[in-house]
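User: Please take a close look at the interior of this model, with attention to its empty space and to how the parts around that space are packed. I would like one connected account.

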Amino acid sequence: MTSLFDPITLRGTTFRNRLWVPAMCQYSAENFDGTPGTWHLVHLGSFARGGAGAIITEATAVVPEGRISPQDLGIWNDAQRDAFRPIVNFVHSQGSAIGVQLAHAGRKASTPRTWDDQVGTLNESQHGWKTVGPSPIAFDGYDVPRELTTEEVRGVVQAFVDGAVRSQRAGFDFVELHAAHGYLMHEFLSPLSNQRTDKFGGSLENRARIVVDSVRGIRAATGDDFPILVRFSATDWTEGGWDEASTAIVSGWARDAGADLFDISSGGNVAKAEIPVGLGYQVPLAASVRADAEVETGAVGLIIGAEQAQAIVADGESDVVFVGREFLRDPHFALRVAAELGVDLPYYPQQYHRAPFHVSQPA
């Protein structure tokens, strides 16, 4: 039986456990230049100190116009690459792995931070910009995006490849392509937001081309040992939209192109979709894609407890478990979960040796 604290190896990287921190937006690049700072060092570093097996940066834009907000991180230039290095080095010093979520927000870009009073698309006076998408179809409440030309889509693919190369050179252990939550790659995948008639629209193969071509390009550019993850929304939760069956098919294509694990979330492309939110509500989606596509997956979504997380990997529903809000509440969540499961971990920070969680005795 697989344990939450068993290691897992993807290509050339072995992760110390299967309890991982997903990308969570921080909107804290205060100079509007996409460069990480002290907040990001402490935020991401705390999860490594707290025992996480792997940590993924927030959505990190591959081009300036791909940011969700003007305060998002970026990886479109070498200054950003270099600013990430101290963060990567600290995470590694604590024994954890770290990856970049490569992103382009598409028609959902140029928006305020979640705690700002503004809503909708920001204008230039608010540090915003004109958004782009696969088709001139607005997300509810946002501006209509400009449709990308065929050559511009190819340019976006190259930007993802370039971002992956910079990430690798910064010392990151892997990358994750963000093809979920209604952002650009998801917009291309879903027939609700993609009405193109060129090679990037129409058939499932064409709509998936931006994802598959990006994976293939990253694999060629980064070599055989560098893991590639893809985050999918498995369903739009809307009739006629993106669905589980299509996710499984495209996961298989992406695997064949060089991807290694699929982080399965849902929703985000339809503003008023009815989503049955509850504890572990997306775990069956990860299990379905894992079985149908015969790929390794990660489950995410209201996973809050030790026994719940352990059961997901033990039952073979997914290969890793992503936990977001609990890690925000308690950066030492992994150490606490291990103690609750009766696992005595060898990687407590030496500075904290006087304050271990008490390991439960197996029943």
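Analyst: Strands here are DSSP runs of E with at least two residues, and helices are runs of H or I with at least four; both are numbered from the N terminus. The model is predicted.

The structure holds one cavity of 30 Å³ or more, and the volume of the largest cavity is about 30 Å³. Its lining consists of Ala59, Thr60, Ala61, Gly66, Arg67, Ile68, Asp72, Leu73, Ala103 and Ala105. Strand S4 supplies the largest share of that lining, three residues. Sorted by class, the lining has six nonpolar, two polar and two charged residues.

Strand S4 (54–61) also takes part in the packing of helix H2, being among the elements that cover the buried residues of H2. The others include helix H1 (38–49), strand S5 (73–74), strand S6 (97–103) and helix H3 (150–170). Helix H2 itself runs over residues 78–93, with 16 residues. From its first C-alpha to its last, H2 reaches 23 Å, close to the 22 Å expected at 1.5 Å a residue. H2 nevertheless has a kink of about 30° at Arg85, shortly before the proline Pro86. The buried residues of H2 are Gln80, Arg81, Phe84, Ile87, Val88 and Val91. An α-helix has 3.6 residues a turn, so residues three or four places apart point the same way.

A second link to the cavity runs through Thr111, which lies in the loop between S6 and strand S7 (132–133). Why does Thr111 count as buried? Its relative accessible area is 6%, and the cut-off for buried is under 20%. Leaving aside residues up to four places away in sequence, Thr111 touches Ile68, Ser69, Pro70, Gly120, Leu122 and Tyr142. Of these contacts, Ile68 is also one of the residues that line the largest cavity.

The open space can be set beside this enclosed one. The largest pocket contains about 1,200 Å³ of space. It is lined by 47 residues, of which Ala23, Met24, His181, Arg231 and Arg325 are the closest to its centre. Helix H10 (residues 325–329) gives the largest share of the pocket lining, four residues. By class, the pocket lining has 25 nonpolar, 15 polar and seven charged residues.

Terms used:
Residues numbered from 1 in each chain as written. Predicted model: local features only at pLDDT ≥ 70, side-chain atom pairs only at ≥ 80, totals over all residues. Heavy atoms only, no water. 1 Å grid on protein atoms, 1.4 Å probe; cavity = no way out; pocket = protein on both sides within 12 Å on 5 of 7 lines; lining within 4 Å. Points joined across faces, edges and corners; volume = space filled by probe spheres on them. Nonpolar A, V, L, I, M, F, W, Y, C, P; charged D, E, K, R; others polar. Expected span 1.5 Å × (residues − 1). Bend = angle between axes of the 7 residues up to and from the residue. Buried < 20%, exposed > 50% of the residue type's maximum accessible area, 1.4 Å probe, protein only. Contact = heavy atoms within 4.5 Å.
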